[in-house]
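Let's take a walk through a protein together, one stop at a time. Have the sequence and the 3D view ready, and try to find each residue as we come to it.

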Amino acid sequence: AGVRPDMVCTIDPESPDRFFENLDVTDLAWCCNRITRPWVLEHCAKRVYYYGFFEKRWNQILDENMEYPFPDIPSGGCVSATAFALACYLGFRELSLIGQDMAFTGGSSHTAGIEGAFGDNDEYIKSRNRIQVEGIDGTMLETDFQMWYYKKWFEKAIRANEGLIEVIDATEGGARIEGTRLMTLKDVVAEYCSRPLPFEEIEKNIPDAYSAETKTKLAAEWHKMRQQIDSIDTQVKQGLAIQEKLLQELRQQRSVAELMPDLKRMMGHNEELEQLPLFGMMVSYAQTEEYALGDEIYQKEEMGIEELVEKNYTLYQGYERAVSLLTEDIEMYA
């Protein structure tokens, strides 16, 4: 629609190519984290700002070499929440939400009018775990648990920053987000957009995060991390073996009481894996499985033990492939 943002944020590991077709977006500043789809960086982004949690030891190394904390932006589960948190981190104090309806407003599941988008999709809406929320006009609207969670995150973030920021909801529809001031987009532009923000000039004065000498030190630290991958690979294979045995026992109709030691072992193994160095980085290569599991949990109110173990097993299969991909990349860039 002719809008030229100064900065964009992308976190979706599966963002379709069609979102970027026929758009000249290479001159924008891009904010990316560890789950951003690499294709976007390769084809669209020339000026990139990285943030977020990559891996415990690696983030510590970045902090030590920057002499200030590497930006770890809180996540609300969606890209708009991340963009909101980034704006707060960068020092903006008046923020407007546009298009944050957080509900199936007008019976639509997604933005209509875009080729290939869901649009008015009754089948999708009926498949969701739906609840009622208050709309900005006081009427009750239908939403799902996932969007309800996003709404709650925004409300919590607004409360946490009370007195520091003013948040305006200029969506002109959808769910009521507590703590926001309701305005039309036209009024927001008239009141707050009287002059352009000299973003490019500000950006030119930002110094490089690392000197050439520091980059050499970081490359050496990266090389050391190759030695830590084998421990993750072993732990993932052990986890797969535990879950295969558990699934066999479940299919033999054994009672929950009999299976409890193995279930506890599986959960304990999950916790041990999460504590290993490079776990956070490895998960970046298993986003399809992580995303699918999260979506299932949002949709289902109850999940049986066998289904839970099957989901966990599928996740570990993704981890197994992820270890191989991470090994490749570390060896390539070491």
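Start with Arg254, which is partly exposed, with a relative accessible area of 31%. Keep in mind as you look that this is a predicted model. The side chain of Arg254 meets that of Glu249 in a salt bridge, 3.0 Å from N to O. And what about Glu249, buried or exposed? Glu249 is buried, at a relative accessible area of 9%. The pair also has company: salt bridges that share partners join Lys245, Glu249, Arg254 and Asp262 into one network.

How many salt bridges does the structure hold? The count is 19. The general idea is simple: side chains of opposite charge can pair when their charged atoms come close. Arg4 and Asp27 give us another example, with their closest N and O atoms 2.7 Å apart. Arg4 sits in the segment before strand E1, while Asp27 is in the loop between E1 and E2, so this salt bridge ties together parts that are 23 residues apart in sequence. Arg4 is partly exposed, with a relative accessible area of 46%, and Asp27 is partly exposed too, at 41%.

Now hop over to helix H7 for a salt bridge between Glu201 and Lys204, at 3.6 Å from N to O. These two are 3 residues apart in the helix, so about one helical turn separates them. Lys204 counts as exposed because its relative accessibility is 61%, and the cut-off for that word is over 50%. Glu201, at 47%, counts as partly exposed.

While you're in helix H7 (residues 199-204), find Ile202 as well. Ile202 is partly exposed, with a relative accessible area of 46%. On the surface, Ile202 forms a nonpolar patch with Tyr68, Tyr89, Leu90, Phe92 and Leu197. Together, the residues of this patch have about 590 Å² of accessible area.

Let's go inside. In soluble globular proteins, nonpolar side chains tend to be buried together. Here, the largest nonpolar core has 37 residues. Which of them have the most contacts inside it? Those are Trp58, Ile232, Val236, Met281, Met282 and Tyr319. Several helices chip in with at least two residues each: H2 (56-66), H8 (212-224), H9 (229-251), H10 (256-275), H11 (279-283) and H13 (305-333). The largest share, 9 residues, comes from H13. Zoom in on Met282 and, leaving aside its neighbours within four places in sequence, you'll find it in contact with Ile232, Tyr319, Ala322, Val323 and Leu326. Apart from this core lies another one, of 30 residues, among them Cys9, Ile73, Leu95 and Ala103.

Next up, the aromatic rings. A pair of aromatic rings is described by the distance of the centres and the angle of the planes. A search of the whole structure finds 11 such pairs. Take Phe84 and Trp153: their centres are 6.1 Å apart, with 85° between the planes, and the pair is edge-to-face. Phe84 lies in helix H3 (residues 79-89) and Trp153 in helix H5 (residues 145-160), so the pair ties together parts that are 69 residues apart in sequence. Both Phe84 and Trp153 are buried.

Phe84 pairs with Phe154 as well. Their ring centres are 5.3 Å apart and the planes are at 75°, so this pair is edge-to-face. Once more, distant parts of the chain are linked, with Phe84 in H3 and Phe154 in H5, 70 residues apart. Phe84 has a relative accessible area of 5%, while Phe154 is at 0% and counts as buried. Elsewhere on your tour of rings, look for Phe20, Trp30 and Trp39, which form one aromatic cluster.

Finally, here are two spots where the backbone does something worth a look. Asn22 has a positive phi of about 60° although it is not a glycine. You'll find Asn22 in the loop between strand E1 (7-10) and strand E2 (29-32). Leu278 also has a positive phi, of about 80°, and is not a glycine. Leu278 lies in the loop between H10 and H11. Which one is buried, and which one is exposed? Asn22 counts as exposed, at 82% relative accessibility, whereas Leu278 is buried, with a relative accessible area of 0%.

Terms used
Residues numbered from 1 in each chain as written. Heavy atoms only, no water. Phe/Tyr/Trp six-rings, centres within 6.5 Å; stacked < 30°, edge-to-face > 60°. Helix = DSSP H or I, 4+ residues; strand = E, 2+ residues; numbered from the N terminus. Buried < 20%, exposed > 50% of the residue type's maximum accessible area, 1.4 Å probe, protein only. Core = buried A, V, L, I, M, F, W, Y, C linked by side-chain atoms within 4.5 Å. Contact = heavy atoms within 4.5 Å. Patch = residues over 30% accessible without salt bridge, like charges linked within 9 Å, V, L, I, M, F, W, Y side chains within 5 Å. Areas by Shrake-Rupley, 256 points an atom, 1.4 Å probe, with all protein chains shown as cover. Salt bridge = Lys/Arg side-chain N within 4 Å of Asp/Glu carboxyl O.
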